[in-house]
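I opened a new notebook page for this model. I wanted to look up strand pairing first, then helix packing.

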Amino acid sequence: MVGALEDAATDDTLRVILIESRGPDFCSGADWVASNTAGGAQPRPGSVQRRIALQAHRLVQLITEVQLPVVCAVRGHVAGLGFQLALAADFTVAAEDSRFWEPYLTRGFSPDSGATWLLPRLVGVARAKELLLLGRLSGAQTAEWGLVYRAVPDAELDKAAAELVGTLGQAAAVAVGLTKRLVNRELELGLTEAMQDEASALELTSRTADFREGLAAFKERRPPDFGGR
């Protein structure tokens with residue numbers, strides 16, 4: 001997945017990324033039992049810290065950094081890293097009966113893959129602690145909390161995700177990518193720095209073919225036909 005996202009980041013023919021599962025569950029998280037069974041080939045000390053930066057952590061980082069909108073369609077179990085993929089995506093559509101779970105503390109280890117960064121920014125510190133230390137949520141509850149874009153009945157999930165992908169795929173690609181980058185980056189900046197970044201992005205987007213098409217469509221009172229350029 002890391003390789004696929006890195007390729008997508010430089011593929012000018014792409015307009016949107018969809019992450020979905022094949023089967024009844026989106027993601028069960030890492031198989032910590034299999035990799036830490038007594039008598040088996042356990043990781044040596046320091047192995048997790050070295051590897052995770054290039055694997056799970058790199059994956060979450062790429063989802064937030066790639067200048068394409070990322071849509072997640074999730075059903076069934078959404079645990080651990082899978083939960084963070086849904087949080088990091090720009091738009092996550094969840095089946096109402098999906099089961100979101102941060103399993104870390106109940107298994108005796110601490111969170112990873114950006115959980116302690118993503119959750120407080122989406123739902124605040126109190127609810128982040130509640131979820132990490134105590135609870136599970138259904139897909140419907142994640143929408144109520146503001147963790148995901150939308151929750152729908154399972155039978156409608158694929159259609160809802162496809163419609164969203166279609167809408168984003170017709171948007172002004174450069175403007176979408178830079179807007180995503182601004183929103184994610186400005187969380188860490190002050191107002192002055194944020195507006196400086198906005199000025200630079202505006203300079204670039206105002207020189208695109210999609211900008212000219214947007215103005216023409218507005219003048220002619222018709223929907224724009226963006227080419228992603």
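**Entry 1: strand β1 and its sheet**

I began with a single pair: I17 stands opposite V70 in β2. The model is predicted, and I keep that in mind for every entry. I then looked for another such pair and found I19 opposite C72 in β2. Both pairs belong to the pairing of β1 with strand β2, residues 70-74. That pairing is parallel and runs over four bridges.

Which residues of β1 lie on its covered face, and which on the uncovered one? I noted I17 and I19 on the covered face. L18 and E20 are on the uncovered face.

Next I traced the whole sheet. It is open, has four strands and follows the order β1-β2-β4-β7. The pairing is parallel. I marked β1 (17-20) and β7 (150-152) as the edge strands, as each pairs on one side only. Between neighbouring strands of this sheet I noted an average turn of 20 degrees, direction ignored.

**Entry 2: V70**

I went back to V70, which sits in strand β2. Is V70 buried or exposed? Its relative accessibility is 0%, so V70 counts as buried; the cut-off for buried is under 20%.

I listed what V70 touches, leaving out residues up to four places away in sequence. The contacts are I17, I19, I63, A89, D90, F91 and K180. I17, the residue opposite V70 in the strand pairing, is thus on the contact list too.

I also checked V70 against W145. They are 75 residues apart in sequence. From C-alpha to C-alpha, the distance in space is 20 Å.

**Entry 3: the three-stranded sheet**

I moved on to another open sheet, with the order β3-β5-β6. Its pairing is mixed. The edge strands here are β3 (77-79) and β6 (136-138), and each pairs on one side only. I noted an average twist of 20 degrees from one strand to the next.

In what sense do strand β5 and β6 pair? I found them antiparallel, over three bridges, with β5 covering residues 99-101. In this pairing R99 stands opposite S138 in β6.

I then looked at what lies over this sheet. Helix α5, residues 81-88, lies across β3 and β5. It runs at about 90 degrees to β3.

**Entry 4: α1 with α4**

I turned to helix pairs. Helix α1 is residues 2-9 and helix α4 is residues 56-65. Their axes come within 9 Å and cross at roughly 25 degrees. That angle makes α1 roughly parallel to α4. I recorded the crossing as left-handed.

Which residues make the contact? From α1 I listed V2, L5 and E6. From α4 I listed R58, L59, L62 and I63. By class, the contact holds five nonpolar, no polar and two charged residues. I63 links back to Entry 2, where it is among the residues that V70 touches.

**Entry 5: α9 with α10**

My last pair was helix α9 (residues 173-186) and helix α10 (residues 191-205). They pack at an angle of about 170 degrees, with axes 10 Å apart. That makes α9 roughly antiparallel to α10.

On the α9 side I wrote down V174, A175, L178, L182, R185 and E186. They meet A194, D197, E198, A201, L204 and T205 in α10. I sorted this contact by class: seven nonpolar, one polar and four charged residues.

Methods. Residues numbered from 1 in each chain as written. Predicted model: local features only at pLDDT ≥ 70, side-chain atom pairs only at ≥ 80, totals over all residues. Heavy atoms only, no water. Axes fitted to C-alpha atoms, helices over the stretch in contact; angles between N-to-C directions. Helix = DSSP H or I, 4+ residues; strand = E, 2+ residues; numbered from the N terminus. Parallel < 35°, antiparallel > 145°, perpendicular 65-115°, else oblique. Left-handed = near helix turned anticlockwise from the far one by under 90°. Contact = heavy atoms within 4.5 Å. Nonpolar A, V, L, I, M, F, W, Y, C, P; charged D, E, K, R; others polar. Pairing = 2+ DSSP bridges. Buried < 20%, exposed > 50% of the residue type's maximum accessible area, 1.4 Å probe, protein only.
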